[in-house]
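Q: Could you take a close look at one helix here and walk me through how it sits in the rest of the chain?

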Amino acid sequence: MKNMKDNPQLKPTTPDRSYLRKFIEKFKTHQNGKERKILIERETLPYLIILSLLNAFLLHDFKSGISSFFGSFIVIFLLLIFFYRDLKRYKPAYLKKKKMMALLASLIVFTLIISRGFEHIFLVFSKGLGVESIVMHTFGIPLALGPVIVVLIFDFHTAITFSLILSLMAGIWLKTSLIPLYVFIGCLIGAFSLLKCKKRTDIINAGIYIALANIFSSSAILLIMGFFDLHSLYFAVVFSVINGFTVSALCFLCLPAIERLFNVTTPVSLVELLDIDHPLMKQLSVEAPGTYHHSMIVGSLAEAASEVVGVNPLIAKVASYYHDIGKIRMPEYFVENQTGCISKHEKLNPHLSSMIIIAHVKDGVELAEEFNLPEIVKDVIQQHHGTTLVTYFYQKALKEMETPPSEQDYRYPGPKPQTKLAALIMLADAVEAASRTLDDPTPARISGLVDKIIKNIFLDGQLDECEITLKDLSEIKKKFEYILAGIFHRRISYPEPAKEKIV
Ligand SMILES: [Fe+2]
Ligand SMILES: [Fe+2]
């Protein structure tokens, strides 16, 4: 005991319990319900009120009184609060980007303006056709336009919530109890059909699906209302089909303008980048055919592994195609484009060689800016080598130079991959480049090589700044092995059967 008192390190100290106090205070606050009471932030409230007023104005029937306007305003305000809370709970990333919120608000207003315009046209059209029912022309209103654009730019969940509030707003506007049902079904089918949109023609297909869904739901509404006869059915079908095709046509027309105005990327614009007639792809295939071929295989590897790690396969493929476009500027300095026996690097010192190799990242980013490639592709170009070492020239410098070279001079400037997508392309790129050196590619050798490459990148700390997990790496490895085994299987030429000897 005496020793303990003398030795300050052994003296009993009062434990620090400040963290416990903080926890109890936080718990009390939560129990009092102070945190849960905030339904909507003070700074968001004015925007919601303005948007509700604008929408109530757009839906207002000027023959009705001011009380009808305020009634609409209250319902729309409640619907928008629901939409906001839903985004806050399930898609908080959108709330952080003012641009995305402005786009969502604009899409509600834009859909209502377009719909009011078409409602007026269809009313005149139906009167011209001698349609007596005042409901029939409403089957043609292209309200599904909004959700179709939302699913292409945002996601399916947001498109469903958008569809719900839009169809309830349609109920306020058209004052028909069954119309929200019709609008909601059309919107849902439109969003569903574009869930895995990969090409422009998918938008036309979405229009056809919307038209078919509309035919069924408008017929059902006629049956419920007791107006079902051949004459009514004929006009319901006509307006339902017009609705589907109007949505497709408007989506085609508006999407490029929305993309440009808000600087957003949709699968449709990404598909255009896959076209081999794109000027950058054309230039790459002519001036750097080896790099072009390499990019195609990286695309296959990344696309195959993307779905298992939750990356959009289309984005993975497009980003792979463009990841090395910087090599266009000096293609003959990259091994995959060298045709002769003499390497262009033979007469250069290792540091200069490494500088030429490293420059393809900067050149790639410049070309991406020049050709207006999406932000997501530009980021992959910048990050696909992270801060890795140009090992070949570093080793060469170690052997040739008298003073030991600085490792930092032979490393790419980075940054390291910041997203799963960039990490996936870094791995696919390294695996493809290494696989070219395999002489006898048996499945066991392919597996060993893929394992080694992924481990090296991981141990070098290149995957430290993105959210990729060890489970993801294991899934990626399996997919890479499968794809490479398929590629090598095709490359191996089997010996021709021995011809029978002619005696
Ligand atoms: Fe590269
Ligand atoms: Fe590459």
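A: Two residues count as in contact if their C-beta atoms, placed from the backbone, lie within 7 Å. With that in hand, some context on this predicted model: among contacts between residues at least 6 apart in sequence, 72% join residues at least 24 apart. The chain has 21 helices and zero strands, and 37% of its 503 residues count as buried.

Now for helix H16, which runs over residues 350–370. Its 21 residues should span 30 Å at 1.5 Å a residue, and the end C-alpha atoms are indeed 30 Å apart, so expectation and model agree. There is still a kink of about 30° in H16, and His360 is at its centre.

His360 is also one of the buried residues of H16. The others in that set are Pro350, Ser353, Ser354, Ile357, Val361, Gly364, Leu367 and Ala368. A bit of helix geometry helps in reading that list: with 3.6 residues a turn, residues three or four places apart point the same way. As for what covers the buried residues of H16, helices H13 (279–287), H15 (313–322), H17 (375–383) and H18 (391–400) are among the elements doing so. Just after H16, Asn372 takes a positive phi of about 55°.

For the record side of things, the unreviewed UniProt entry annotates "transmembrane region" over several spans, including 100–118 and 207–228. In the model, residues 100–118 are 100% helix, with end C-alpha atoms 27 Å apart. Residues 207–228 come out at 86% helix and 0% strand, and their end C-alpha atoms lie 25 Å apart.

Conventions. Residues are numbered from 1 along each chain as its sequence is written. Chains are lettered from A and ligands numbered from 1 in the order in which they are written. This is a predicted model: local features need pLDDT of at least 70, side-chain atom pairs count only at pLDDT 80 or more; totals for chains, interfaces and linings use all residues. Helices (H or I, at least four residues) and strands (E, at least two) are DSSP runs, numbered from the N terminus. The expected span of a helix is 1.5 Å times one less than its number of residues. The bend at a residue is the angle between axes fitted to the seven residues ending there and the seven starting there. A residue is buried if 20 or more other C-beta atoms lie within 10 Å of its own, exposed if 12 or fewer, and partly exposed in between; C-beta atoms are placed from the backbone. UniProt positions are given in the numbering used here, feature names are shortened, and annotations may be inferred rather than shown by experiment.
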